[in-house]
Amino acid sequence: MMNSPRMSSPSSSAAPPPAANAAHRTSPLRLYPKHSKPRHYRLAAAVAASTRRAGRRSQSWTPPGRRGGAGSIWVNPSAPPRPGATSRTLRRLVELDDLDAALRLLLGGPSTSTPAASDSVPEPPAVITCNILIKKLCARRRLADAERVLETLKASGAADAVSHNTLVAGYCRDGRLSDAERVLDVARASGAANVVTYTALIDGYCRSSRLADALHLIASMPVAPDTYTYNTVLKGLCGAKQWEEAKELMEEMVGNNCHPNEVTFATQIRAFCQNGLLDRAVELLEQMPQYGCTPDVIIYSTLVNGFSEHGRVDKALELFNTMLCKPNTVCYNAALKGLCIAGRWEEVGELIAEMVRKDCPPNDATFSTLINTLCQNRLLNSMLCKPDTISFNAVLKGLCRAERWCDAAELIAKMFKEDCPLIEMTFNIIIDSLCQNGLVNNAIEVFELMPNYRCTPDIVTYSSLINGFSEQGLDEVAFDLFRSMPCKADIFSYNAVLKGLCTAARWDDAGELIADMVSKDCAPNEVTFNILINSLCQKGLIDRAIEVYEQMPKYGITPDIFTYNALINGFSEQGRLDDALRLLNTMCCQPDAISYNSVLKGLCRAEQWKDAEKLVSEMLRKNCTPNEVTFKYANQLFVSNRTG
């Protein structure tokens with residue numbers, strides 16, 4: 001990694017002086033003002049002092065039995081639902097994703113969590129709750145159980161069209177079209193089939209490339225197809241590049257007084273652009289007003305991107321500049337791609353500056369496009385004829401993310417030369433990038449120079465530093481900085497300091513922090529819970545992690561893949577393989593390679609080779625691509641089979 005040149009004073013527009021000697025070249029991106037001023041932010045000294053205090057302070061953790069109060073590891077915002085009716089218990093079990101217990105309660109069988117089991121009068125199943133249960137079971141490919149729930153609803157006379165539609169869609173997603181047809185036939189005979197039911201099967205046909213069956217069904221439906229039904233078939237025809245059939249179907253759609261909508265046009269325009277039929281895509285765009293449709297930003301982005309990728313940048317810019325709606329970052333990026341490919345650097349700089357002025361900030365895709373193109377050409381000097389601070393910052397962010405520190409320092413020198421002042425955004429880009437790369441000491445140096453350039457640290461600055469300290473194990477420093485920062489904390493700064501507290505097993509402080517979040521109307525989010533759950537699992541406190549996991553629905557938060565992977569790995573590390581497998585099979589999202597690998601690790605440690613072999617087979621059957629970790633465990637299986 002190369003070091004940066006020294007920078008001139010912010011009040012000087014002269015070229016930067018020669019590089020400092022080697023003894024002072026300690027930072028990859030350090031700024032040296034010409035006239036040094038007293039530092040008002042003595043963060044470096046605070047780091048040293050806090051680290052010494054942390055060394056003297058004995059770490060403590062909350063005993064597993066302790067619950068409630070500000071010192072607990074979560075805050076219960078409301079009392080648990082009052083036990084009573086079976087329907088209420090069923091709803092609660094479904095909300096908590098305890099589908100096995102919900103099935104036992106609904107279908108009968110042993111259960112230990114049914115406070116309503118003593119009710120003397122049995123209740124009819126709640127159709128809405130049962131429909132949600134069917135949907136969740138279908139998502140987990142437990143289709144036999146989903147059909148059992150439907151049969152229970154039908155037996156009580158409570159099944160409705162949604163019940164049947166959900167199961168038909170579930171069978172179609174699993175490729176079991178004959179079962180979907182069977183359920184549809186039953187729904188039709190009972191009068192429970194509606195246009196959604198037929199559309200679900202049509203979608204299944206299209207996904208399986210059975211377009212002839214889809215066209216036959218839409219022509220023979222006993223209920224009138226709606227716009228969504230036609231759009232489903234149009235998507236299938238366009239995917240198969242059957243352009244003329246798609247055109248005829250749209251004409252039939254209009255003839256049946258079923259007016260096209262924006263999705264109708266977007267589906268075809270996207271397909272035309274993906275296949276280079278750009279002029280046909282524009283023809284469709286021009287037809288939209290005839291049907292009362294207005295192109296949205298997605299349609300324009302698709303067209304602009306299509307013309308940019310095919311080198312027709314002037315047409316892309318013409319469409320971009322005549323849009324009937326406000327462009328978003330995706331649309332800007334599409335236009336930017338065309339300008340970069342054409343090497344029109346001055347316009348690139350102007351477009352990036354316009355993005356920021358119009359409150360449409362560049363994102364990762366912007367920087368990726370920019371840096372990749374620049375690196376393929378002459379990097380920096382060929383770009384930006386009349387740059388401004390915003391344009392420079394956009395390029396600076398891309399360089400920092402690519403860890404091109406020398407080029408970033410060169411760009412800052414160019415900013416001084418072009419008389420472009422450093423602003424808070426400039427410092428935030430540098431500080432955040434340094435912290436993300438573990439260079440927190442360098443980030444401190446940059447932070448303490450901000451007042452010299454008349455820049456004031458904001459919540460973005462502090463959050464970056466707090467996160468950097470937490471990642472480096474400096475939890476005391478992160479906590480001290482969090483408590484002393486002059487701006488209002490947000491969810492990012494709370495989560496950043498929480499990470500450090502949890503890593504250090506400071507559960508009391510973590511509990512107080514979450515209580516503070518709630519009291520200040522800054523509700524925990526998915527990241528908050530994942531930090532807690534992952535940290536508890538890493539410390540071996542898997543039961544405490546489960547308690548935190550069970551609080552998520554009370555905050556309206558759904559567990560994601562990171563939540564499940566942390567818990568599955570926690571169970572596996574403790575040899576609780578039944579719990580790990582149960583959670584793997586009841587996830588409300590699709591497991592990934594990490595999910596399977598965590599269980600495989602435990603099975604191989606326990607030498608449960610047959611179970612491990614079954615799990616690998618399941619992984620492949622569900623199209624979950626193995627990675628190198630999977631192959632490591634597969635190799636253990638191979639060796640065990642040969643020696644066994």
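**Aromatic pairs, a packed helix and a buried asparagine**

A search of the whole structure, which is a predicted model, turns up nine aromatic pairs. I will take one of them in detail. A pair of aromatic rings is described by the distance of the centres and the angle of the planes. For F265 and Y291, the ring centres are 5.9 Å apart and the planes stand at 45°, so this pair is tilted. The limits here are under 30 degrees for stacked and over 60 for edge-to-face, with the rest called tilted.

Where do F265 and Y291 lie? F265 belongs to helix α12, residues 262-274, while Y291 is in the loop between α13 (278-287) and α14 (297-309), so the pair ties together parts that are 26 residues apart in sequence. Is each ring's residue buried or exposed? F265 has 0% relative accessibility and counts as buried. Y291, with a relative accessible area of 27%, is partly exposed.

Two other aromatic items. F416, F427 and Y453 form one aromatic cluster. At F479, the charged end of R483 sits over the ring, 4.2 Å from its centre.

Next, helix α13. Its buried residues include L278, A281, V282, L284 and L285. They span an arc of only 160° around the axis, which puts them on the same side of α13. As background, an α-helix has 3.6 residues a turn, so residues three or four places apart point the same way. What do the buried residues of α13 pack against? They pack against α12, α14 and α15, the last being residues 313-321.

I269 gives a view of this packing from one residue. Not counting residues up to four places away in sequence, I269 touches A281, L284 and L285, along with I299, T302 and L303. A281, L284 and L285 are among the buried residues of α13 just listed.

On to the nonpolar core. The largest one has 187 residues. Those with the most contacts inside it are L133, I269, L303, I431, F482, I533 and L567. So I269 and L303, which touch each other, are both on that list.

Last, a polar residue. N495 lies in helix α25, residues 491-503. N495 is buried, with a relative accessible area of 6%, and the cut-off for that is under 20%. What does the side chain of N495 make a polar contact with? The partner is the side chain of N525, at 3.2 Å. Leaving aside neighbours within four places in sequence, N495 is in contact with M517, N525, V527, T528 and I531.

Definitions and conventions: Residues numbered from 1 in each chain as written. Predicted model: local features only at pLDDT ≥ 70, side-chain atom pairs only at ≥ 80, totals over all residues. Heavy atoms only, no water. Phe/Tyr/Trp six-rings, centres within 6.5 Å; stacked < 30°, edge-to-face > 60°. Helix = DSSP H or I, 4+ residues; strand = E, 2+ residues; numbered from the N terminus. Buried < 20%, exposed > 50% of the residue type's maximum accessible area, 1.4 Å probe, protein only. Lys NZ or Arg CZ within 6 Å of the ring centre and 35° of its normal. Polar contact = N/O pair within 3.5 Å; in protein donor to acceptor, adjacent residues only side chain to side chain. Contact = heavy atoms within 4.5 Å. Core = buried A, V, L, I, M, F, W, Y, C linked by side-chain atoms within 4.5 Å. Arc of directions from axis to C-beta.
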